[in-house]
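Work through the three exercises below with the model open beside you, and compare each step of your reasoning with the solution that follows it.

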2 protein chains.
Amino acid sequence: MNSPDGCSTFLVRHAWLSLRGVVAEALVAHELSVAQFASLLMLNDTPGMSVADVARKVSTARQSANEMLAGLERAGLVERRPNPNDRRSQRIYLTDAGRVRLDEALPTVRAVEAKLSEGFSAEEIAVVAAWLTRMTQAEQSTTTEEISTC
Amino acid sequence: MNSPDGCSTFLVRHAWLSLRGVVAEALVAHELSVAQFASLLMLNDTPGMSVADVARKVSTARQSANEMLAGLERAGLVERRPNPNDRRSQRIYLTDAGRVRLDEALPTVRAVEAKLSEGFSAEEIAVVAAWLTRMTQAEQSTTTEEISTC
DNA sequence: GCAGAATTGACAGGTCCCTGTCAATCGCCT
DNA sequence: AGGCGATTGACAGGGACCTGTCAATTCTGC
């Protein structure tokens with residue numbers, strides 16, 4: 001796919017690293033990490049998620065999500081409330097401050113991303129999105145699928 | 001770009017995580033980590049690089065590359081030779097075993113990647129590659145470009 | 001109902017990678 | 001020639017994330 005590497009995987013990796021860097025840079029002014037921003041985004045879209053839900057949504061470990069949400073909670077951007085239907089879990093909601101913070105940060109991030117995609121048509125972007133989504137469906141066999149061969 | 005997140009950055013991240021998982025799974029049979037495989041690939045393409053060169057090529061920190069190369073060296077897949085032109089740096093070369101290992105692993109990885117891209121035309125793949133490459137050109141301002149505004 | 005499997009949030013421990021730093025060396029410039 | 005910034009490889013220390021585990025709770029099959 002690419003001449004020097006030859007593997008699209010590392011092209012995707014490089015793109016992710018660059019994008020993360022740019023987004024992180026855009027977020028320092030809002031005192032948010034990339035992961036925190038992602039969580040705020042998810043929580044705004046789906047309020048009342050549990051820690052485990054957030055972890056699944058941002059595809060990270062439960063504990064990582066827990067630690068990061070603790071940071072957001074310390075900053076007063078999210079709050080945990082007991083879940084009346086499930087005494088194990090807690091529902092997590094954006095506070096007003098969290099919503100304000102997200103409303104401030106989101107346009108910045110969107111602007112950065114839009115600027116980077118300049119020159120690509122909507123159809124091309126759609127193709128890219130389709131390809132990336134296809135990659136995400138690369139479900140790795142959790143239980144190792146080559147057991148019998150040995 | 002994507003309905004739930006709304007940010008292409010996280011779609012790229014998700015794609016990278018999935019790809020890394022799949023590639024890592026394909027590489028366990030060859031006893032290679034994804035980073036090690038990338039380094040072998042780069043060193044095969046450009047033999048005699050220094051540790052710093054490898055770090056830049058795989059876009060990681062010098063020390064991370066150093067540790068990983070130490071692992072490859074312990075496994076006998078690469079070797080360090082003094083650089084006659086520069087007594088600070090060392091030239092790193094693939095050993096015969098390293099070349100064999102790479103020749104074994106590369107087809108596996110390529111097959112996995114090709115299988116994932118099934119159904120996309122060459123033109124579409126080219127668009128994806130162009131977009132990803134464009135993202136990698138998102139040079140983050142190392143020296144903060146918004147100094148004057150405050 | 002109730003035993004067993006699954007899930008949730010939290011904890012410990014470890015890994016990977018990064019930043020900051022250092023002496024040694026190289027390149028440039030005068 | 002010689003000073004000075006930049007680079008290289010190595011070291012210490014820390015941050016972010018993960019796996020493995022636990023009690024508590026919920027869900028499921030009988």
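Helices (H or I, at least four residues) and strands (E, at least two) are DSSP runs, numbered from the N terminus, and two strands pair if DSSP finds at least two bridges between them. The model is predicted, so that local features need pLDDT of at least 70 and side-chain atom pairs count only at pLDDT 80 or more, while totals for chains, interfaces and linings use all residues. Residues are numbered from 1 along each chain as its sequence is written, chains are lettered from A and ligands numbered from 1 in the order in which they are written, and side-chain values use heavy atoms, with hydrogens and water left out.

**Exercise 1. Describe how E1(A) is connected to E2(A).**

Solution. Begin with the connection, which is a hairpin that passes from E1(A) to E2(A) through two residues. Next, consider the pairing: E1(A), residues 78-83, runs antiparallel to E2(A), and six bridges join them. Finally, locate one facing pair, in which Glu79(A) stands opposite Tyr93(A) of E2(A).

**Exercise 2. Find which operation lays chain B on chain A.**

Solution. Superpose the copies by least squares on the C-alpha atoms of residues with pLDDT of at least 70 in both. A turn of 180° with a shift of 0.0 Å along the axis lays chain B on chain A with an RMSD of 0.1 Å. This is therefore the relation of a two-fold axis. Within chain B, the C-alpha nearest that axis belongs to Val128(B), at 2.5 Å. With contact taken as heavy atoms within 4.5 Å, 100% of the contact residues of chain B recur in chain A, and the same surface serves both copies.

**Exercise 3. Characterise the surface near DNA strand D.**

Solution. Count a residue as near if one of its heavy atoms lies within 4 Å of the strand. Of the 20 residues around DNA strand D, those that come nearest are Thr60(A), Ser64(A), Gln63(B), Asn66(B) and Arg88(B). On the side of the DNA, sugar and phosphate make up 63% of the atoms of strand D that come within 4 Å of the protein. Turning to individual atoms, a phosphate oxygen of DNA strand D lies 2.5 Å from a polar side-chain atom of Thr60(A), and one is 2.6 Å from an N or O atom in the side chain of Ser64(A). For Arg87(A), by contrast, it is a backbone N or O atom that lies 2.8 Å from a phosphate oxygen of this strand. As a last step, assign the surface to elements: H4(A) contributes the largest share, four residues.

Methods:
A polar contact is a pair of N or O atoms within 3.5 Å; within protein, one must be able to donate a hydrogen and the other to accept it, and residues adjacent in sequence count only if both atoms are side-chain atoms. Ala, Val, Leu, Ile, Met, Phe, Trp, Tyr, Cys and Pro count as nonpolar, Asp, Glu, Lys and Arg as charged, and the others, Gly among them, as polar.
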